[in-house]
Amino acid sequence: MSCLVLLCLLPLALGQNIVQNGDMETMDHWNCWNIHCELTTDHHSGHHGIKATGRNHYYEGPSQTLSGLTPNGRYTVEGWVKLLNDKAGQLGQNIELEVAVDLNTGKKAYISVGSHPLARSSDGWIHLTGDFNAPSGGIKSSSVYYQGPSPGVNFVADSVSITPLAANTHWRAESDATIERIRKSDINFHVTTSGGISDNQVEIDVIPKKSFAFGTAVNCGEYLNGDQRYISFINKHFNWAVTENALKWTSLEPQKGNIHYDVPINAIKKLRSNGIKVRAHNIVWSVDQFVPQWVKALRGQALKDTVKHHIQDIVGRTKNLVEHWDVNNENLHGFWYQNTLNDRDYDLEIFRIAHQAGPNVKMFLNEYSVVASGGMTGAYREQAIRFKNANVGLYGVGVQCHFGDNVEPDPTLIKEHLDTIAQAGVPIWVTELDVICVDEHKRADWYETALRAFYGHPAVEGVMFWGFWSERDWRGDPATMVSGNEFRINAAGQRYIDLTEKQWMTNENHKLSQSGKNFKVRGFHGDYTIKVKVNGKEVPSLAQSFTLGKSSHSVTLRVHH
């Protein structure tokens with residue numbers, strides 16, 4: 001019996017494809033309920049693909065019942081698809097690989113495991129990639145299928161695989177090693193003494209300032225005139241901030257010409273006066289429900305002129321105040337402006353206008369379901385490459401990282417997703433991080449996992465939380481680092497402070513009698529002040545300040561009476 005069990009598990013252990021006839025060289029194992037499927041010599045690889053026609057619903061496409069899907073199993077997915085025709089009046093089609101899981105409880109889970117929006121027949125073969133965690137609990141049955149295009153749109157599918165992905169049990173050590181390599185450099189001290197000063201009289205303090213970008217979403221009104229504890233926590237524990245809602249077009253200009261700039265602009269100025277850099281969020285949001293109602297009434301040139309004026313106005317007012325702008329929010333999930341103007345490339349034009357209005361501001365895409373989950377990770381990489389190649393001013397990509405309710409961050413998949421997006425060759429910022437767990441101690445562990453995975457990835461330049469206090473957080477106390485009206489720094493908040501202000505900062509005291517006159521400090525990158533004490537008293541004239549970057553830095557001190 002044990003041998004039979006071993007044989008059953010062996011393919012999974014070896015990471016073999018659990019899709020049967022995934023290369024689609026025959027019709028074996030593939031079902032096409034209520035539609036017509038046939039082999040075709042139109043293929044991506046091998047000699048054949050499967051052509052799907054006669055579709056009457058968006059969810060219809062070649063499907064296969066899976067065997068071997070393991071509860072809580074981690075899988076990578078890929079497949080190829082080519083549209084054979086477009087549909088009049090539609091700018092493009094959404095194409096998905098979907099996994100459906102029937103559970104023994106009677107519930108059913110639908111998981112989008114690879115997606116590509118606004119596809120057209122002229123795009124040729126499209127590579128769908130992604131990954132997923134299978135649901136926990138007993139799995140009764142499962143299947144994988146193509147879906148998405150509108151009825152009447154025909155397509156060819158080819159080369160589908162679902163492959164088990166083993167957990168990286170060494171992720172923590174690898175993350176620590178990466179942090180040591182990319183976040184730290186040497187500070188080389190050379191000290192001389194004279195005038196009868198002995199080594200045991202001299203101390204040197206290495207004092208850091210938090211420099212890697214750790215920030216939070218800020219309620220602009222609250223930061224201006226609200227709870228002083230909220231304001232003080234931001235000033236003390238974050239060096240970056242992002243405007244939470246005040247600069248979104250629906251909040252900024254709910255009616256045409258009724259523009260509310262005072263609160264966000266004054267909040268940004270106050271943040272800057274406290275040494276906090278600002279990400280501005282967002283110029284436009286292409287998801288239908290977040291387009292201002294008065295804008296929705298516009299069409300054609302009037303719409304273009306209005307959007308251009310809005311971009312130039314908001315960027316012009318903030319270009320000397322903010323470091324970043326999220327330009328077109330969630331543009332893999334919403335296409336209102338492109339659809340309304342019937343221009344698939346209008347998203348590029350929005351970026352072009354923004355960059356021209358503020359060439360020194362770093363312009364970003366910003367998206368979800370690209371790191372916290374993997375259904376659109378590949379599509380985001382392709383979008384970033386498209387923007388980069390169009391030379392419209394893209395600096396980097398924002399990955400939101402809103403993890404699902406009671407979903408523990410998976411460091412193996414986080415790294416897979418970041419590695420995929422990093423292939424676009426632009427910096428990554430974590431822009432809207434939160435996890436959800438009622439147990440604050442487990443929440444602390446989950447935040448630490450996520451932070452270590454992010455800080456330990458070479459493409460990540462900054463990490464922003466989407467709030468921290470339960471009384472001002474959109475997801476409530478289970479997501480926060482500070483709890484209740486009593487403003488209690490909970491276990492998650494204490495863990496964040498320990499990581500970012502102790503473990504990942506270099507704050508050292510060296511006595512020459514112990515360190516010697518030539519010694520090395522391995523320091524985290526950032527701004528430093530060096531202070532010298534003789535017989536316990538600081539010598540201000542010997543203080544030095546510098547910024548430690550990727551190269552080592554030498555500090556020469558001459559201590560004398």
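**Exercise 1. A threonine at the end of a strand**

Find which backbone nitrogen lies 3.1 Å from a polar atom of the side chain of Thr40 in this predicted model.

*Solution.* Start at the side chain of Thr40 and go to the backbone of Asp42: the nitrogen there is the partner, at 3.1 Å. Next, place the residue: Thr40 belongs to strand E1, which covers residues 36-40. Then check its surroundings. With neighbours within four places in sequence set aside, Thr40 touches His47, His48, Gly49, Ile50, Lys51 and Val156. Finally, decide on burial: the relative accessibility of Thr40 is 17%, and the limit for buried is under 20%, so Thr40 counts as buried.

**Exercise 2. Helix H14, from its start to its covered side**

Work out which residues of H14 are buried, and what covers them.

*Solution.* Begin at the start of the helix. A side-chain oxygen of Asn490 comes to within 3.0 Å of the backbone nitrogen of Ala492 there. Now walk along H14, residues 491-503, and mark the buried positions: Ala491, Ala492, Gly493, Tyr496, Ile497, Leu499 and Thr500. To read such a pattern, recall that an α-helix has 3.6 residues a turn, so residues three or four places apart point the same way. Last, look at the cover over these buried residues. It includes two helices, H4 (228-237) and H13 (440-455). Strands take part as well, among them E12 (213-218), E20 (460-465) and E22 (488-489).

**Exercise 3. Glu461 and its partners**

Is Glu461 buried, exposed or partly exposed, and which side chain does it join in a polar contact of 2.8 Å?

*Solution.* First locate the residue: Glu461 lies in strand E20. Its relative accessibility is 31%, and therefore Glu461 counts as partly exposed. Then list its contacts beyond four places in sequence: Phe212, Ala213, Tyr395, Pro427, Ile428 and Trp429. With Tyr395, the side chain of Glu461 makes the polar contact of 2.8 Å. For a sense of scale, take Leu83: it is 378 residues from Glu461 in sequence, and their C-alpha atoms are 37 Å apart.

**Exercise 4. Rings in pairs, and charges over rings**

Classify the aromatic pair of Phe238 and Phe468, and say why it gets that label.

*Solution.* A search of the whole structure gives 29 aromatic pairs. In this one, the ring centres of Phe238 and Phe468 are 5.7 Å apart and the planes meet at 45 degrees, so the pair is tilted. Now trace the chain: Phe238 is in the loop between H4 and strand E13 (240-243), while Phe468 is in the loop between E20 and strand E21 (482-483). The pair thus links distant parts of the chain, 230 residues apart. Both rings can be checked for burial: Phe238 has 3% relative accessibility and counts as buried, and Phe468, at 1%, counts as buried too.

For contrast, try Trp336 and Tyr337. Their centres are 5.0 Å apart with 90 degrees between the planes, an edge-to-face pair. Trp336 and Tyr337 are buried.

Two rings also have a charge over them. Lys270 lies over the face of Tyr223, 5.1 Å from the ring centre, and the charged end of Arg279 is over the ring of Phe364, 4.7 Å from its centre.

**Exercise 5. Looking for internal space**

How many cavities of 30 Å³ or more are there, and which residues are closest to the centre of the largest?

*Solution.* The count is 4 cavities. The largest cavity holds about 90 Å³ of space. Of its 15 lining residues, Ser211, Phe212, Trp504, Met505 and His525 are closest to the centre. Strands E11 (202-209) and E25 (526-534) each contribute at least two residues to this lining.

**Exercise 6. Unusual backbone angles**

Which peptide bond is cis with omega at about -10 degrees, and where do Met24 and Cys401 sit?

*Solution.* Keep the usual case in mind: most residues other than glycine have a negative phi, and most peptide bonds are trans. The cis bond joins His281 and Asn282, and Asn282 is in strand E14, residues 277-285. Met24 has a positive phi of about 60 degrees. Its place is the loop between helix H1 (2-13) and E1, and at 0% relative accessibility Met24 counts as buried. For Cys401, phi is positive and near 70 degrees. Cys401 is in the loop between strand E17 (394-399) and strand E18 (402-405), and with 3% relative accessibility Cys401 counts as buried.

Note on methods. Residues numbered from 1 in each chain as written. Predicted model: local features only at pLDDT ≥ 70, side-chain atom pairs only at ≥ 80, totals over all residues. Heavy atoms only, no water. Buried < 20%, exposed > 50% of the residue type's maximum accessible area, 1.4 Å probe, protein only. Helix = DSSP H or I, 4+ residues; strand = E, 2+ residues; numbered from the N terminus. Contact = heavy atoms within 4.5 Å. Polar contact = N/O pair within 3.5 Å; in protein donor to acceptor, adjacent residues only side chain to side chain. Phe/Tyr/Trp six-rings, centres within 6.5 Å; stacked < 30°, edge-to-face > 60°. Lys NZ or Arg CZ within 6 Å of the ring centre and 35° of its normal. 1 Å grid on protein atoms, 1.4 Å probe; cavity = no way out; pocket = protein on both sides within 12 Å on 5 of 7 lines; lining within 4 Å. Points joined across faces, edges and corners; volume = space filled by probe spheres on them.
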